[in-house]
Amino acid sequence: MKDGGYPARRRRLFAATYAATWLALTAVPLPLLHAQTVEDGAPPMQDIIVTGSRIQAVSGASLPSPTTILDSSTTRSLGIANVGDALLQLPSLLNSAAPGQTVALSPQNIGSRIANLRGLGAERTLILVDGRRFAPSTANGTVDMALIPSAIVNRSDIVTGGASAAYGSDAVAGVINLVTDTRLEGLRAQTQSGVAQQGDNGTVQASLAGGTGFASGRGHIVLAGEYEKNKGQGDYYSRQWSRRETCQLGNFVDPSQPANLIVDNCRTGFLTGPGLIDGGPFADQQFSADGGSLVPFVPGQYRGFFQSGGTGKGENAFFRGPVMVPAYERYSLYGYTDFEVSPAFKPFVNVSYGSVLGKNVGAQGRFSRFTGGGLVLTGENPFVPEVIRNAIGPTGTISVGKAMNDLGNALGSSKTSTLRAVAGVTGELGAQWHYEAYYQQGRTDYAQRLSNNLIPARLRQAIDAIEGPGGAIVCRDQSNGCQPFNPLGIGNFTPGAATFVTGTAALDTKIKQDVVSANISGELAPLPGGPLAVAAGAEYRRDSLVTVADPISQANGFYTFNAANISGAFDVTEGYFEVNAPLLADVPFAKSFALNGAVRRTDYSTSGAVTTWKVGGVWEPSDFLRFRVTRSQDIRAPNISELFSPLVSGQVSVVDPQTNAQVLVPLLTGGNQSLRPETANTTTVGVVITPLRNSADTLTLSVDYYDIKVTDVITSTGATNILQLCQAGSASDCGRVTRNGAGAITLITDTQANLNGLSTRGVDFELNYRRQIGSGSLSFRGLATYVDRLVTFYNATGTSVDLAGQTGNSNFGAGPGVPHFQATSYLTWKSAGGTSITVQNRYIGKGRYDVLQVGPDEAGYQEAISGPPARNNSNNDNSVSSRLYTNLSISQTIPAFERGSIEVYAVVNNLFDRDPPIAPGASSATNGILFDQIGRTFLAGVRLKY
């Protein structure tokens with residue numbers, strides 16, 4: 001698709017800067033990444049040590065699971081306020097949820113950072129803190145990383161492969177382990193503020209962390225806290241690139257064009273803010289602002305649910321109001337202490353609390369022939385102008401297409417608060433054995449509100465007005481304290497009527513998790529390559545969830561986001577054993593050779609027992625070359641929401657394949673207590689090359705192939721997919737689509753089930769280069785991922801959809817996809833005088849708008865819907881261009897406080913102010929998960945270290 005304005009001068013500046021960056025790198029040998037930086041004065045970079053294991057590995061041991069380590073210095077160098085934001089910029093996590101990627105219009109978990117490794121779904125990524133599960137933040141069992149205080153996170157380990165045998169359920173795509181700095185000494189403070197060039201998205205952040213030993217070093221205590229506030233970004237019309245009002249519309253009126261068109265100047269075709277009469281003698285007349293007269297409506301091109309051009313410039317109800325980035329506010333607190341009674345007995349306590357409050361702008365009622373029918377008023381309704389009443393008579397009716405934005409948009413808010421406490425003991429049993437035992441409890445309180453939410457039944461009651469005694473206008477049905485509501489024109493209703501037809505959808509959720517765990521690891525016996533190391537452990541966990549919704553939501557009475565009461569719990573008991581056997585060392589063709597294996601038996605109270613396992617090996621022929629391979633079977637058990645959620649209703653925009661008309665229809669979703677665990681089989685094969693390793697230069701390259709196949713996938717199929725599968729002949733999916741006598745869709749039912757399969761495969765590249773240059777240092781870090789496939793298999797029909805390469809809007813079409821290629825790199829120069837300059841580049845490769853459609857450059861494209869054979873999957877532009885974003889950070893550190901320092905820094909994100917590619921969806925012109933919607937932003941701050 002066309003770029004949103006990128007002047008030639010800016011392109012040349014960008015090209016020159018980017019070329020200079022890469023030419024500087026080509027002056028020295030180039031690598032791809034180890035994710036761990038080395039501070040000035042530190043020893044040369046050590047080997048890549050993979051630690052996706054329960055074994056307390058001896059120094060220098062290598063385990064086979066590919067692991068990326070993101071050091072906190074990377075987060076600090078770019079002024080990233082939350083470790084979740086830093087992680088979500090990595091290629092393997094790019095398709096994750098962050099505040100700027102919140103689902104459009106949704107009041108759910110606003111401002112959250114929820115990781116989604118490999119694009120396999122957030123529920124298949126396990127989040128740990130110091131090797132222990134973090135309490136769930138959502139009813140789906142996922143974790144909001146914004147609740148974890150970044151000020152105390154020392155590094156993040158990302159195990160990009162199946163890890164259920166080591167860590168338990170949910171580790172299908174991998175594990176993210178946030179490692180906190182429990183040995184912090186002294187004080188660290190930071191404050192920063194930023195704003196977008198357009199004047200919105202203002203942010204402030206502050207943090208304070210401190211630690212000290214006591215009792216002659218036998219004890220240690222660490223305390224930390226941080227605060228962040230973001231004022232959010234404007235709506236669709238707040239940026240020039242999106243003011244083009246671009247959308248995809250279904251074409252069923254122009255036989256010379258393809259079935260799907262991406263067009264500018266997109267407006268609604270059969271509804272307007274003042275109200276548009278649909279049909280009859282007054283068809284295509286809309287009401288004046290005061291509702292007392294009629295003015296012509298100018299139809300646009302390709303008129304249907306949407307149209308291009310015509311009446312309504314700047315007034316599209318789907319674009320006006322909903323924000324691109326919601327406002328949010330978060331704070332978190334952390335405390336840790338331990339005390340060594342003896343080397344064999346070291347008790348510890350860890351308590352953390354986090355809270356995220358987010359605010360969003362939701363949808364308001366939209367009524368037309370495409371959304372279940374317009375608003376119907378009779379000829380005896382005194383709100384109807386006299387000229388219309390005289391023409392249709394008292395028993396006649398008019399149908400009005402109306403966007404209810406004059407009520408104001410619905411306003412969403414969510415607040416998530418999580419308290420987690422861990423108490424346990426660790427110790428050394430002799431020189432070679434280590435144990436840990438702990439009890440953990442986590443509690444999450446979640447409150448969700450959607451105020452000013454329309455109640456359609458009350459609206460229809462209130463607009464059915466008649467003239468009462470004394471000429472007063474009253475509701476025909478005066479039950480429930482009905483107040484007559486005038487929908488004609490703009491805002492011609494009383495405050496009492498507005499109150500009657502709206503309400504607040506409320507949902508309160510309490511999540512509790514209790515964990516009792518014991519682990520032991522050590523060395524059993526010597527082997528030719530080193531000690532035979534083992535780990536074993538047992539764990540009991542109980543998860544419970546209670547949600548309470550308001551009575552109107554329980555009756556599916558609101559226009560959108562009706563919630564339901566849920567109450568459920570499950571218990572799981574599990575045990576594991578892991579072994580690492582170094583079989584060879586320092587022999588010809590084997591500097592080292594080791595095998596690793598693990599097995600875990602897990603018993604769920606809801607779905608029974610299951611076994612997971614992992615085997616792997618590492619062969620190092622020489623100092624500079626290492627091969628690694630793993631094979632594992634992993635699981636994801638159904639969460640409480642998937643098991644116990646009742647049916648709830650919402651609205652979804654789909655294209656009916658029978659008519660090619662775009663319609664907004666009711667959607668029912670819910671859980672299923674007969675769900676089984678998902679099963680995944682994962683293979684990884686990798687190589688690590690270290691051609692340089694000396695005091696001046698360090699160069700490491702790793703390449704890892706991965707292949708993950710998941711069966712019995714727990715999912716809701718998706719409304720669009722249900723329609724496509726029904727059209728392809730699936731009787732079971734057709735049974736989930738309800739149509740009226742005229743053939744129009746009136747309901748789609750999409751409950752959770754073990755429906756499908758998932759498969760993904762690709763290659764990860766990691767490169768790290770560091771060189772001492774005089775008294776300073778130059779380092780380059782790069783990560784890249786090539787995704788060959790991300791396939792969903794629909795067992796009902798034997799069909800499949802491959803989302804690899806789909807970078808179009810994630811809330812439209814086949815669902816969220818991933819680019820074939822994406823990369824992130826960091827180039828840092830540090831001088832002996834304390835100056836540091838970092839250039840970060842993020843690249844998202846070109847892709848397809850919707851893999852279920854074909855464009856002019858693809859086989860099967862049909863330029864005109866009238867030509868044989870009839871196809872409804874052609875799109876006039878099914879391409880999405882690539883993007884490269886550059887962020888620049890400059891800092892100066894000044895010695896202070898004897899052994900401390902003061903650091904001042906400035907950051908420019910999206911340095912070249914690149915607009916995102918056009919890829920329209922429900923309420924945005926691009927894919928906000930992948931692409932930057934904000935534009936150039938500025939950030940400045942100061943750090944103190946004492």
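This is a short dialogue on reading salt bridges, burial and cavities in a predicted model.

Q: Which ground rules apply to this predicted model?
A: Residues are numbered from 1 along each chain as its sequence is written, and side-chain values use heavy atoms, with hydrogens and water left out. Local features need pLDDT of at least 70, side-chain atom pairs count only at pLDDT 80 or more, and totals for chains, interfaces and linings use all residues.

Q: How many salt bridges are there?
A: Side chains of opposite charge can pair when their charged atoms come close. The rule asks for a side-chain nitrogen of Lys or Arg within 4 Å of a carboxyl oxygen of Asp or Glu. The count comes to 45 salt bridges.

Q: Which parts does the pair of Asp-338 and Arg-183 tie together?
A: Their side chains meet at 2.6 Å, N to O. Asp-338 lies in strand 16 (residues 327–339) and Arg-183 in the loop between strand 5 (174–180) and strand 6, so the bridge ties together parts that are 155 residues apart in sequence. Strands (E, at least two residues) and helices (H or I, at least four) are DSSP runs, numbered from the N terminus.

Q: Is Asp-338 buried or exposed?
A: Buried means under 20% relative accessible area, exposed over 50%, partly exposed in between (1.4 Å probe, protein chains only). Asp-338 is buried, at 2%. Arg-183 is partly exposed, at 40%.

Q: What does Lys-402 pair with?
A: Lys-402 forms a salt bridge with Asp-406 (3.0 Å, N to O). Lys-402 counts as buried because its relative accessibility is 0%.

Q: How much space lies in the second largest cavity?
A: Rolling a probe the size of a water molecule over the atoms shows where empty space is left. Here a cavity is a set of points, on a 1 Å grid over the protein atoms alone, where a 1.4 Å probe fits but cannot get out; lining residues have an atom within 4 Å of a point. A volume is the space filled by probe spheres set on the points, which are joined across faces, edges and corners. The structure holds 13 cavities of 30 Å³ or more. The second largest has about 920 Å³ of space.

Q: Which residues are the closest to its centre?
A: Of the 41 lining residues, these are Asp-85, Gln-89, Asn-201, Asn-909 and Ile-934. Several strands each supply at least two lining residues, among them strand 7 (203–214) and strand 44 (883–896).

Notes: On a 1 Å grid over the protein atoms alone, a cavity is a set of points where a 1.4 Å probe fits but cannot get out, and a pocket is an open set with protein on both sides within 12 Å along at least five of seven lines; lining residues have an atom within 4 Å of a point.
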